[in-house]
Amino acid sequence: MVSVLFALLTALFNGLASVLQRMAAATAPAEKALHLSLFRNLIRRKVWLAGIGLVILAAVCQATALATGPVALVQPIFIIELPFTLLVASRLAHRRLSRMTWWAVILVTVSLGIGLAAAAPSGGSDQASTRVWVTALIVTAGFEAVVISVGVRARGNVRAAAFGLAAACGYALTATLLKTAVANLDQGIGPFFSSWQLYATAVAGVGALFLLQNALQAGPLVYVQPPLTLGDALISASFGVTVFGEDVRTGGWLLVVEILAVIAVALGCIQLSRSLTDVHSPWQPAPGPTADPTADPTAGPTTGPAAGQPTAGE
């Protein structure tokens, strides 16, 4: 199935991008949180720019996947991004994965497959009425306002989780808008570039990226990745059903299977995020005023307790 293939490619490229972005964001000064200067700090880092290049490549694959399949099917497949991210990060950091981590990879992959097989997302259209779009945007804006407010008032891990969930909602909205924008290509270049969804996709995507960078800066991946991964999948499925009228089977025992699959995926994601945090630890900056916030994170730490550990290769 074309949509499944390109969804998997999207997950792979996003996984690679996540590793590179994390390497850069982890060394950004804390005072730049929630400021556009965070982007100015990150854009000077080659590793972050490489990550952005992969994000663009992933966006092309995602557009292809959404053009050929329902949102409720394509977006949940991106959960596979987390195992991909972990595998790539462990290779770059020259670290072996524990048996528990490999079991978590299997749990996430199998549970996702069972959940999608039970839900069997299908049908739907690629267009929606103005009333539906307005309602969806108002509800999304309200949800984002609440979650971001929690993140702004909180500190540390709670802030990381809140911004991660806010970024997930932004990415889910981006995918929903992108599906309609790509569908307009069937009518020609003119309708494509004149559709408001195309430009709304860019705004939502940049906003989600900004929230993700702040989430990565605020706390470890174990608090960012689960709400980001599961939030994107569940919110996207909700958009697919409510905006495009996609069908998801939830009758009888199927709903029980789907709930158990979500719980299993959540548990697996938590374990994978913990493992990913451990893998990323060599890239953390050394504490104290001697840490250079503009240094290239691929060079590895030179001071502090992490010195002498293996550094990430390129």
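1. Overall make-up. Of the 314 residues of the protein, 51% count as buried. The model is a predicted one. The protein has 12 helices and 0 strands, and read from the N terminus its elements run α-α-α-α-α-α-α-α-α-α-α-α. The points below take individual helices and loops in turn, with the residues that can be checked in each.

2. Helix α1. A17 sits in helix α1, which covers residues 2-25. Its relative accessibility is 2%, under the 20% limit, so A17 counts as buried. The partner to look at here is A50: A17 and A50 are 33 residues apart in sequence, and their C-alpha atoms are 7.5 Å apart in space.

3. The loop between α5 and α6. R96 lies in the loop that joins α5 (81-92) to α6 (99-119). With a relative accessibility of 85%, R96 counts as exposed, because the cut-off for that class is over 50%. In sequence R96 is 183 residues from V279, yet the C-alpha to C-alpha distance between R96 and V279 is 8.8 Å.

4. The loop between α6 and α7. A120 is found in the loop between α6 and α7, the latter being residues 130-153. The phi angle of A120 is near 45°, which is a positive value in a residue other than glycine. A120 has a relative accessible area of 29% and is therefore partly exposed, as this value falls between the limits of 20% and 50%. Anyone checking backbone geometry in the model may look at A120 for its positive phi.

5. Helix α8. G164 is found in helix α8, residues 156-183. At 0% relative accessibility, G164 counts as buried. G164 and Q225 are 61 residues apart along the chain, and 6.9 Å separates their C-alpha atoms.

6. Helix α11, length and bend. Helix α11 spans residues 221-244 and has 24 residues. From its first C-alpha to its last it reaches 32 Å, close to the 34 Å expected at 1.5 Å a residue. The helix is bent all the same: at G231, α11 bends by about 25°. After α11 comes G245, and the phi of G245 is positive, near 70°.

7. Helix α11, surroundings. How many of the residues of α11 are buried? The count is 17 of the 24, so α11 is largely enclosed by the rest of the structure. V224, found in this helix, is buried, with a relative accessible area of 0%. The C-alpha atoms of V224 and N157 are separated by 8.1 Å, although V224 and N157 are 67 residues apart along the chain.

8. Helix α12 and the nonpolar patch. A nonpolar patch of about 680 Å² is found on the surface. Its members are L107, L255, V256, I259, L260, I263, L267 and I270. Which helix gives the most to this patch? Helix α12, residues 253-280, does, with 7 residues. I259 is one of the patch residues, and its place is in α12. The relative accessibility of I259 is 45%, so this residue counts as partly exposed rather than exposed, the limit for the latter being over 50%.

9. Cysteines. A disulfide is a covalent bond between the sulfur atoms of two cysteines. How many disulfides does a search of the whole structure find? The search finds 0. As for individual cysteines, C61 has a relative accessible area of 8% and is buried. C269 is buried too, with a relative accessible area of 0%. Both values lie under the 20% cut-off, so C61 and C269 fall in the buried class.

Terms used: Residues numbered from 1 in each chain as written. Predicted model: local features only at pLDDT ≥ 70, side-chain atom pairs only at ≥ 80, totals over all residues. Heavy atoms only, no water. Helix = DSSP H or I, 4+ residues; strand = E, 2+ residues; numbered from the N terminus. Expected span 1.5 Å × (residues − 1). Bend = angle between axes of the 7 residues up to and from the residue. Buried < 20%, exposed > 50% of the residue type's maximum accessible area, 1.4 Å probe, protein only. Patch = residues over 30% accessible without salt bridge, like charges linked within 9 Å, V, L, I, M, F, W, Y side chains within 5 Å. Areas by Shrake-Rupley, 256 points an atom, 1.4 Å probe, with all protein chains shown as cover. Salt bridge = Lys/Arg side-chain N within 4 Å of Asp/Glu carboxyl O. Disulfide = S-S within 2.5 Å.
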